[in-house]
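I opened the notebook to look at charged pairs, a core and one strand residue. The entries below are in the order I looked things up.

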Amino acid sequence: MKESMWGYGILVLGILAVGVIWFFANMTKTDQHNYNLLKETVEAAMFDALDLAAYRACTETPENEYKCIRIEEEKFVESFIRRFAQNADLSNTYLIEIYDINEAPPKVSLRVSSTTSTNATGEIFEFDIVNNIDAILETKY
């Protein structure tokens, strides 16, 4: 009888260990997905929001050089929200906070918070994953 209890104990510990590993792997995967999605979406939205008319009309004088490349704030926000919504994980709840958008030189600061909830033990646990990004658009020319 004593040996069978050890067998049951090892079996239960093994199941708990697999559950803990699965939980932390899921959290890490969610954080990595959010970070890569945020980075790629911000870059693509900044390229979508480039003001090509200002770029074409720009002169090559040194005092106006930083104003050659501009982004439009409304276009950036529209493109970012659309692209992020297309690729976001539907099992999470997202909160997007845009802190700063500079049109010239192009710079964006934003934060994406996602809430993941689980009820593995019958109680509902919620975890917040927060990703911040400060992006500056750099081009070759």
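The notes that follow cover salt bridges, then the core, then a serine.

**Entry 1: the model.** I am working from a predicted model. I keep that in mind for each value below.

**Entry 2: salt bridges.** How many salt bridges does the structure hold? I find five. I looked up three of the pairs, starting with D48 and R83. Their closest N and O atoms are 2.8 Å apart. This pair links distant parts of the chain, as D48 belongs to helix 1 and R83 to helix 3, 35 residues apart.

**Entry 3: exposure of that pair.** Are D48 and R83 buried or exposed? Neither label fits. D48 has a relative accessible area of 35%, so I log D48 as partly exposed. R83 comes out at 26%, so R83 is partly exposed too. The cut-offs behind this are under 20% for buried and over 50% for exposed.

**Entry 4: around R83.** I placed R83 in helix 3, which covers residues 73-87. Which residues does R83 touch once neighbours within four places in sequence are set aside? I list T41, A44, A45 and D48. I also checked the polar contact between the side chains of R83 and D48, at 2.8 Å. For a backbone distance I took R83 to L38: the C-alpha atoms are separated by 9.7 Å. Those two residues are 45 apart along the chain.

**Entry 5: R70 and D51.** Next I looked up the salt bridge between the side chains of R70 and D51, at 3.3 Å from N to O. Here R70 is in the loop between helix 2 (52-56) and helix 3, while D51 is in the loop between helix 1 and helix 2. They are 19 residues apart. The two partners get separate labels. R70 has 25% relative accessibility and so counts as partly exposed. D51 has 13% and is therefore buried.

**Entry 6: R70 again, with E103.** R70 also forms a salt bridge with E103, with closest N and O atoms 2.8 Å apart. E103 sits in the loop between strand 1 (93-102) and strand 2, and R70 in the loop between helix 2 and helix 3, so this pair ties together parts that are 33 residues apart in sequence. E103 is at 27% relative accessibility, so I log E103 as partly exposed. I then looked for shared partners. Such salt bridges join D48, R82 and R83 into one network.

**Entry 7: the core.** Which members of the largest nonpolar core touch the most other members? They are L38, V42, M46, I71, F76, F80 and L110, out of 20 residues. At least two core residues come from each of helix 1 (2-48), helix 3, strand 2 (107-118) and strand 3 (125-136). Helix 1 gives the most, with five. In general, nonpolar side chains of soluble globular proteins tend to be buried together.

**Entry 8: V42.** I followed V42 outward, leaving aside neighbours within four places in sequence. V42 is in contact with F76, F80, L110, I133 and A135.

**Entry 9: S109.** Last, I checked S109, which is in strand 2. Is S109 buried or exposed? Its relative accessible area is 8%, so S109 is buried. The side chain of S109 joins that of K107 in a polar contact of 2.8 Å. Beyond four places in sequence, S109 is in contact with I98, Y99, D100, I133 and D134. I133 is also on the contact list of V42.

Methods:
Residues numbered from 1 in each chain as written. Predicted model: local features only at pLDDT ≥ 70, side-chain atom pairs only at ≥ 80, totals over all residues. Heavy atoms only, no water. Helix = DSSP H or I, 4+ residues; strand = E, 2+ residues; numbered from the N terminus. Buried < 20%, exposed > 50% of the residue type's maximum accessible area, 1.4 Å probe, protein only. Contact = heavy atoms within 4.5 Å. Polar contact = N/O pair within 3.5 Å; in protein donor to acceptor, adjacent residues only side chain to side chain. Core = buried A, V, L, I, M, F, W, Y, C linked by side-chain atoms within 4.5 Å. Salt bridge = Lys/Arg side-chain N within 4 Å of Asp/Glu carboxyl O.
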